[in-house]
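Reader: I would like a close look at a single part of this model, set out carefully and with its surroundings. Please take the sequence and the structure together.

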Amino acid sequence: MGLTGGIGAGKSTVAALLEERGAVVTSADEVARDVVSPGSDGLAAVVAEFGEEVLASDGSLDRSALGRLVFSDDLRRARLEEILLPLIAAEAWARMETVPAGQVAVYDVPLLVEGQMQDMFDLVVVVEAELELRLKRLAERGMNRDEALARIAVQATDEERRGVADVIVSNSGALEDLSAEVDSLWNTRITEPGTVA
C-alpha cells in the first residue's frame, strides 16, 4: 500500500493505526533521515551541492537550514530531489522486501504523487484534512504559517492526490472517527472479513 497526504494531514497517525492492525510500515521520512546520516554518501552529496552551511555543529544535516535554501527555490529543490529520491527509493524498497509474505506492507510517502509512484502499489490511500487544521497542526510542530503555506504550495494539490487515490481517508475529525475509517479500510480493502493480515 502507498500511503500519502499533504503535510499536516495526518499520514503518520494513519500509519500508526495501520501498524496497530498488523501492517508493516516503512516511512519515507525515516528513510530520508537515514540516507543523509553522518558519514553517508547521501549527506556528502547534499553538502557537495549546497555547501557546509547545511551542516549542524555536530556534522549532521541541519534540516532547517536546508529547508530555507530549497523551499523558496524551485531549481534547488529539484536538485535536492534529484540527489535524494533515488537513494530514498532504493532503501525503502530494500526494507519493504523484508516484509514477510502474507503481511501488509505500507509505504508512508509524502511525495507519492510528485514522484509518480502510484503504479508501484496495489492500493493508494490518501489522507486529507482541512487546510486550517493542517496549519494548526504544523504550528504545534513549531512551523510558522508562512513557512507551512510555502511547504503546502510546493506539494501536490488535494485534487492531484485524489486523482491517484483508491481510498481517501478524512482526518478532520476526532481520533475515534479516524480509527473507525482505518478499521473500515482494513476490513473492506486490505483483509478479507474475518481473517488476519
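In which loop does Ser60 have its place? Please start there, and then go on to the strands and helices of the model.

Author: The model is a predicted one, and what follows should be read with that in mind. Ser60 has its place in the loop between helix 3 (41-50) and helix 4 (63-70). With a relative accessible area of 18%, Ser60 falls under the 20% cut-off for a buried residue and is therefore counted as buried. Leaving aside residues up to four places away in sequence, Ser60 touches Pro38, Val54 and Leu55.

Helix 4, which bounds this loop on one side, goes on to pack with helix 5 (residues 74-96), and the two axes come within 7 Å and cross at roughly 125°. Helix 4 and helix 5 are therefore oblique to each other. In this contact, Leu66, Leu69 and Val70 of helix 4 meet Arg76, Arg77 and Leu80 of helix 5, and by class the contact has four nonpolar, no polar and two charged residues.

A second loop residue may be set beside Ser60. Gln116 lies in the loop between strand 3 (105-108) and strand 4, and Gln116 has a relative accessible area of 63%, above the 50% cut-off, so Gln116 is exposed. The phi angle of Gln116 is near 50°, which is a positive value in a residue other than glycine.

The strands come next. Five strands make up an open sheet with parallel pairing, and their order is 2-3-1-4-5. Strand 2 (24-27) and strand 5 stand at the edges with a single partner strand each, so one side of each is left without a neighbour in the sheet. From one strand to the next, the twist averages 25°. At one of these edges, strand 2 pairs with strand 3 in the parallel sense over four bridges, and Val24 has Ala105 of strand 3 as its bridge partner.

Strand 4 deserves a longer look. Five of the five residues of strand 4 (residues 124-128) are buried, so strand 4 is largely enclosed by the rest of the structure. Val124, Val126 and Glu128 point one way from the strand, while Val125 and Val127 point the other way, and all of them are buried. Strand 4 runs parallel to strand 1 (residues 2-5), to which four bridges join it, and within this pairing Gly5 has Val127 as its bridge partner. Four bridges also join strand 4 to strand 5 (residues 167-170), again in parallel, and here Val126 stands opposite Ile168.

Two helices can be placed against these strands. Helix 1 (residues 11-20) lies across strand 1, strand 2, strand 3, strand 4 and strand 5, and runs at about 150° to strand 1. Helix 9 (residues 175-190) lies across strand 4 and strand 5, and runs at about 160° to strand 5.

A further helix pair completes the picture. Helix 6 (residues 131-140) packs with helix 7 (residues 145-154) at an angle of about 120°, and their axes are 10 Å apart. Helix 6 and helix 7 are therefore oblique to each other, and their crossing is right-handed. On the side of helix 6, the contact is made by Leu131, Glu132, Arg134, Leu135 and Leu138, and on the side of helix 7 by Arg145, Ala148, Leu149 and Ile152. The residues of this contact divide into six nonpolar, no polar and three charged.

Technical notes. Residues are numbered from 1 along each chain as its sequence is written. This is a predicted model: local features need pLDDT of at least 70, side-chain atom pairs count only at pLDDT 80 or more; totals for chains, interfaces and linings use all residues. Side-chain values use heavy atoms; hydrogens and water are left out. Buried means under 20% relative accessible area, exposed over 50%, partly exposed in between (1.4 Å probe, protein chains only). Two strands pair if DSSP finds at least two bridges between them. Axes are lines fitted to C-alpha atoms, for helices over the stretch in contact, and angles run from 0 to 180 degrees between N-to-C directions. Angles under 35 degrees count as roughly parallel, over 145 as roughly antiparallel, 65 to 115 as roughly perpendicular and the rest as oblique. A crossing is left-handed if the near helix is turned anticlockwise from the far one by less than a right angle, and right-handed if clockwise. Contact means heavy atoms within 4.5 Å. Ala, Val, Leu, Ile, Met, Phe, Trp, Tyr, Cys and Pro count as nonpolar, Asp, Glu, Lys and Arg as charged, and the others, Gly among them, as polar.
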